[in-house]
Amino acid sequence: MEYMTDIKVIDNVLDEEYFFQLQSHMTSDHWPWFFMDNITSIGDGQSNYGFFHMLMNEHGESKRYESVKELVQTISKHVGSDRIIRCRMDMTVNRGKSYLCEPHVDLTQPHTTTIFYVNDSDGNTVIYNEMYDMPPNVPYMNMHKKLTIKQEIQPKANRLLIFNGLHMHTGHTPTTCNQRVLINSNFR
């Protein structure tokens, strides 16, 4: 697979009926969310806490993965690969002011990252010009680089963001909405 060099934003990725069905299911009070002190895996946890649901990773699939398979297949076609490494839902919540979570990469080996926005929200995704440049599987903590913004993307329901997963990136917590819900997937 050739890894992306550009950032791609696609609106209305899913058929409207399927999207609304998926959205209402994922934002219902029946969807299981799990608290995490630090959803970016780095930083102090003060600004990075949130909720997640691991849909699929190297350890297997959640019972809920079946409900997103059509979405993952659609994303896979846009990425040009069906070799999914991980698929996880993330939710950050309104805390009265905007917090910028720690810049990070999801994985340290070459991959493509996608973010599918489940709801309209503030709390932009920020993609930086700087790339992770350590040897594969070396932690990226304490990279101590000055990061410059390449692009900011507004969360919009049924929007798909695709980019080279080695770009440092992060997101803001919402301030005008109660929650910012997305599905983050990584492909080889």
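In what order do the three strands of the open sheet lie? Here is a short tour to help you find that answer and a few others in the structure above, which is a predicted model.

1. **The open sheet.** The order is β8-β7-β10, and the pairing is antiparallel. At the edges you will find β8 (149-153) and β10 (167-171), each of which pairs on one side only. Ignoring direction, neighbouring strands in this sheet are turned by 20° against each other on average. If you would like to look at one pairing closely, take β7 (residues 125-131) with β10: these two are joined in the antiparallel sense over four bridges. A good landmark is Val126, whose bridge partner in β10 is Thr170.

2. **The chain as a whole.** Stepping back, the chain holds two helices and eleven strands. Read from the N terminus, its elements follow the pattern β-α-β-β-β-α-β-β-β-β-β-β-β. Of the 188 residues, 53% are buried. Taking contacts between residues at least 6 apart in sequence, 82% join residues at least 24 apart.

3. **The cores.** In soluble globular proteins, nonpolar side chains tend to be buried together. The largest nonpolar core here has 29 residues, and Phe116 and Ile183 touch the most other members. Two or more residues come from each of α1 (16-26), β3 (50-57), α2 (69-79), β5 (84-93), β9 (159-164) and β11 (179-187). There is also a second, separate core of eight residues, with Ile7, Ile127, Leu161 and Leu182 among them.

4. **Ile183 up close.** Which residues does Ile183 contact, leaving aside neighbours within four places in sequence? They are Met26, Leu55, Val68, Leu71, Cys87, Arg88, Met89, Thr114, Ile115, Phe116 and Val118. Phe116 is thus one of its contacts, and these two residues are the pair named above for touching the most other core members.

5. **Helix α1.** Tyr18, Phe19, Leu22, Gln23 and Met26 are the buried residues to look for in α1. Viewed down the helix axis, the buried residues of α1 fall within an arc of 130°, so they line one face of the helix. Turned away from that buried side is a face with the exposed residues Glu16, Glu17 and Gln21. The cover over the buried residues of α1 includes α2, β5, β6 and β11. At the start of the helix, a side-chain oxygen of Asp15 comes to within 3.1 Å of the backbone nitrogen of Glu17.

6. **Helix α2.** The second helix has its own buried set: Leu71, Val72, Thr74, Ile75, Ser76 and Val79. These buried residues of α2 pack against α1, β5, β6 (112-117), β9 and β11. Just after α2 comes Gly80, with a positive phi of about 85°.

7. **His53.** Is His53 buried or exposed? This residue sits in strand β3, and its relative accessible area is 4%, under the 20% limit, so His53 counts as buried. Its side chain reaches the backbone oxygen of Pro32 at 2.8 Å. Leaving aside neighbours within four places in sequence, His53 is in contact with Trp31, Pro32, Trp33, Phe34, Ser62, Arg64, Arg88 and Met89. Two of these, Arg88 and Met89, also appear among the contacts of Ile183.

Conventions
Residues are numbered from 1 along each chain as its sequence is written. This is a predicted model: local features need pLDDT of at least 70, side-chain atom pairs count only at pLDDT 80 or more; totals for chains, interfaces and linings use all residues. Side-chain values use heavy atoms; hydrogens and water are left out. Two strands pair if DSSP finds at least two bridges between them. Axes are lines fitted to C-alpha atoms, for helices over the stretch in contact, and angles run from 0 to 180 degrees between N-to-C directions. A nonpolar core is a set of buried Ala, Val, Leu, Ile, Met, Phe, Trp, Tyr and Cys residues joined through side-chain atoms within 4.5 Å. Buried means under 20% relative accessible area, exposed over 50%, partly exposed in between (1.4 Å probe, protein chains only). Contact means heavy atoms within 4.5 Å. The arc is that of the directions from the helix axis to the C-beta atoms. A polar contact is a pair of N or O atoms within 3.5 Å; within protein, one must be able to donate a hydrogen and the other to accept it, and residues adjacent in sequence count only if both atoms are side-chain atoms.
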